[in-house]
Amino acid sequence: MPDRIVDLRSDTVTRPTEAMREAMARAEVGDDVYGEDPTVNQLQELAADRLGTEAALFVPTGTMGNTCALLAHTRPGDEFLVEESAHIYYWECGNYATIAGLAVRPIRGEHGILTAEAVEAALRGPNLHFPPPRLVCVENTHNNAAGSAWTPEQLAALATRVHARGLALHMDGARLFHAAVALGVDPRAYTQHVDSVMICVSKGLSAPVGSLLCGTRAFIDRAVPLRKRLGGGMRQAGIIAAAGIVALESMVERLAEDHLQARRLAAGLAALPGVAVRQPPVPTNILVVEVTAPGWNSERLVSAWRAMGVLSNARPPLAARLVTHRHISAADVDYVIEVTGNMLAAA
Ligand SMILES: Cc1ncc(COP(=O)(O)O)c(C=O)c1O
């Protein structure tokens with residue numbers, strides 16, 4: 001492995017900042033299963049305030065937050081509708097089926113965005129042969145769709161139709177702040193349209209651990225025992241929540257820098273002959289890149305980059321994913337463009 005490593009596999013590789021480590025060291029703590037951890041309570045209030053919801057619940061992972069949301073909105077035997085490459089459907093171990101007991105209607109989106117028409121077309125009328133549809137899940141930004149950000153207008157249009165059909169709407173907002181920063185809007189421009197939202201502080205916001213499930217007081221009251229059932233009742237969790245507070249208070253605006261480096265990387269790679277960069281209408285910090293020359297595929301691209309210290313994740317069969325984050329500098333981006341050009345010239 002070369003000396004220089006540029007780790008573009010995910011923004012989850014970001015390490016806590018010094019301010020986070022200090023806040024963690026001096027966090028006031030209590031037993032959060034009794035609701036007595038003041039730092040967890042502070043983080044939950046802060047998240048609810050930033051997202052304009054009545055309440056929030058600190059959970060160890062985004063996967064657990066999404067699973068609690070599925071359980072809180074539905075009953076076993078219900079149906080949920082979701083974009084076909086969404087994390088909650090594609091990457092969460094089938095929890096919707098094995099834990100929540102749900103039937104699923106996957107729907108193809110445009111750049112990960114579900115339209116009201118597509119959802120309407122997938123909804124089947126009441127019939128005793130069909131599981132009753134109960135919930136629609138959206139993802140913003142959409143990880144598998146190259147970090148595609150929804151506009152608040154797109155979400156509003158979908159929400160109107162979903163609610164008119166009597167269904168609930170959950171947003172997997174693991175990277176919701178990335179979307180809000182890309183479009184220069186308040187996250188509440190999105191969250192006002194949904195019944196629940198999950199956000200992660202552990203991704204580009206650089207906290208070591210944690211996500212928040214946010215919604216009405218009644219929804220969160222239902223989610224608390226569900227988190228316990230899933231094994232997510234933590235004790236002196238203020239130690240990690242302290243970093244989450246720093247993340248929400250001081251790490252959101254800097255995401256613009258990650259978007260800028262992603263744009264530079266996309267432009268530099270796309271200018272190389274034989275490289276295609278998949279770009280959604282509103283890009284953020286995720287690129288999906290393909291070498292179109294004959295003989296290239298995901299595996300070859302990931303290993304050719306790896307040999308030069310550039311770490312990526314395969315998106316089979318042909319592409320690889322690159323994610324910018326706090327540890328990726330402008331010089332790292334220049335380096336990746338340069339070595340990719342050399343690699344293709346030598347191939
Ligand atoms: C869009 C999205 N949702 C949910 C998750 C799950 O988060 P976690 O890894 O904390 O379970 C991820 C993780 O990468 C994600 O990208």
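Reader: Nice model to look through! In what order do the 7 strands of the open sheet lie?
Author: The pairing in this open sheet is mixed; two strands count as paired with at least two DSSP bridges between them. Strands here are DSSP E runs of at least two residues, numbered from the N terminus. The model is predicted, so local features need pLDDT of at least 70 and side-chain atom pairs 80 or more, while totals for chains, interfaces and linings use all residues. Residue numbers start from 1 along each chain as its sequence is written, and the strand order is β2-β8-β7-β6-β5-β3-β4.

Reader: Which strands stand at the edges of that sheet?
Author: Each of the two edge strands has a single partner strand, so one side of each is left without a neighbour in the sheet. One of them covers residues 55-59, and the other covers residues 103-107. They are β2 and β4.

Reader: How many bridges join β3 to β4?
Author: β3 spans residues 79-83 and pairs with β4 in the parallel sense. Within this pairing, E83 stands opposite I107 of β4. The number of bridges between β3 and β4 is 5.

Reader: And on the β5 side, which residue is the bridge partner of V82?
Author: β5, residues 133-139, runs parallel to β3, and 4 bridges join the two. Along this pairing L81 stands opposite V136. For V82, the bridge partner in β5 is C137.

Reader: How many of the 5 residues in β3 are buried?
Author: Buried here requires 20 or more other C-beta atoms, placed from the backbone, within 10 Å of a residue's own. By that count β3 is mostly covered. The number of buried residues in β3 is 4.

Reader: Let's move to P283: is this residue buried or exposed?
Author: P283 sits in the loop between β9 (275-278) and β10 (286-291). Around P283 there are 22 other C-beta atoms within 10 Å. Because of that count, P283 is buried.

Reader: Which residues is P283 in contact with, leaving aside neighbours within four places in sequence?
Author: Contact takes C-beta atoms, placed from the backbone, within 7 Å. A174 is 109 residues from P283 in sequence, with their C-alpha atoms 15 Å apart. The contacts of P283 beyond its sequence neighbours are A146, G147, A262, R263 and A266.

Reader: What does L213 touch, not counting residues up to four places away in sequence?
Author: L213 belongs to β8, which covers residues 211-215. Its contacts include A56, L57 and V59, and these three lie in β2, residues 55-59. The full set for L213 is A56, L57, V59, G65, C68, A69, S196, M198 and A223.

Methods: Buried ≥ 20, exposed ≤ 12 C-beta atoms within 10 Å, placed from the backbone. Contact = placed C-beta atoms within 7 Å. Axes fitted to C-alpha atoms, helices over the stretch in contact; angles between N-to-C directions.
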